[in-house]
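User: Could you take a close look at one helix-to-helix contact here and walk me through it? I'd also like to hear how its surroundings are put together.

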Amino acid sequence: MRSSLKALLLATALASISAAVAAAPPAEKPVEKQEKPTRAERKAEKKAREEAITALPEKYRGWVYMVELLTSETELDTFLALKEDYQRDAFIRKFWESRDTYRSTARNEFKERWESNYQLALQEFGSIEDDRGRVLLLN
């Protein structure tokens, strides 16, 4: 009797597992790898960004230049897609808020330090294109 009980339990367990597997949704297709952009495509994207930056008002062009080491391509593309100045101002405010190291204070210490180091890099090295200026900004 014991062996028949074991066989019955085993059969029941197998049946419930089979039903669960049959009722499970089909496995998702594996995510296809996205093709890397070619050198020509990257070059065209870079040129388009540069043209968009050139078309910005001076205030925003200077800001883009100042934060180029901090921004990701996605952030820059998002900023460049904005059409109105109030949208750009809101983006800049959110940009600095997201990088505020001490959100409990009224000041944004990170922004203040970045702007101070940016001005120092310009004064000492002439631009942030110089490696020494970039090191100063990033450290």
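Analyst: Happy to. Let's start with the crossing itself: α2 passes α4 in a left-handed crossing, meaning that the near helix is turned anticlockwise from the far one by less than a right angle, whereas clockwise would make a crossing right-handed. Helices here are DSSP runs of H or I with at least four residues, strands are runs of E with at least two, and both are numbered from the N terminus.

A word on the model before going further. It is a predicted one, in which local features need pLDDT of at least 70 and side-chain atom pairs count only at pLDDT 80 or more, while totals for chains, interfaces and linings use all residues. Residues are numbered from 1 along each chain as its sequence is written, and side-chain values use heavy atoms, with hydrogens and water left out.

Now the geometry. Two packed helices are described by the angle between their axes and the distance between the axes. For α2 and α4, the angle is about 45 degrees and the axes are 10 Å apart. The axes are lines fitted to C-alpha atoms, for helices over the stretch in contact, and angles between N-to-C directions run from 0 to 180 degrees. The two helices therefore count as oblique to each other; under 35 degrees is roughly parallel, over 145 roughly antiparallel, 65 to 115 roughly perpendicular, and the rest oblique.

Which residues make the contact of α2 with α4? On the α2 side they are R49, A52 and I53, and on the α4 side E73, L76, D77 and L80, where contact means heavy atoms within 4.5 Å. By class, this set has four nonpolar residues, three charged and no polar. (Ala, Val, Leu, Ile, Met, Phe, Trp, Tyr, Cys and Pro count as nonpolar, Asp, Glu, Lys and Arg as charged, and the others, Gly among them, as polar.)

The charged members deserve a closer look. Side chains of opposite charge can pair when their charged atoms come close. R49 and D77 form a salt bridge, at 2.7 Å from N to O; the term asks for a side-chain nitrogen of Lys or Arg within 4 Å of a carboxyl oxygen of Asp or Glu. This pair links distant parts of the chain, with R49 in α2 (residues 39-55), D77 in α4 (residues 73-81), and their positions 28 residues apart. E73 joins in too: R49, E73 and D77 are linked in a network of salt bridges. R49 is buried at 16% relative accessible area, and D77 is partly exposed at 36%. Buried means under 20% relative accessible area, exposed over 50%, and partly exposed in between, using a 1.4 Å probe and protein chains only.

Helix α4 has another charged link. E75 meets R99 in a salt bridge of 3.0 Å, N to O. R99 lies in the loop between α5 (85-98) and α6 (109-125) and E75 in α4, so the pair ties together parts that are 24 residues apart in sequence. R99 is buried at 19%, while E75, at 22%, is partly exposed.

For comparison, here is another packed pair. α3 and α5 meet at about 25 degrees with axes 12 Å apart, and are therefore roughly parallel. Their crossing is left-handed. K59, Y60, W63 and M66 of α3 touch D85, R88, D89, F91, I92, F95 and W96 of α5. That contact divides into seven nonpolar residues, four charged and no polar.

W96, in helix α5, is buried at 3% relative accessibility. Leaving out residues up to four places away in sequence, W96 touches W63, M66, V67, L70, N108, F110, K111 and W114.

Helix α3 (residues 58-66) also holds a salt bridge of its own: R61 and E58 meet at 3.0 Å, N to O, three residues apart, about one turn of the helix. R61 is partly exposed at 29%, and E58 is exposed at 53%.

Stepping back, the structure holds 10 salt bridges. The protein chain has seven helices and zero strands. Of its 139 residues, 23% count as buried. Among contacts between residues at least 6 apart in sequence, 49% join residues at least 24 apart.
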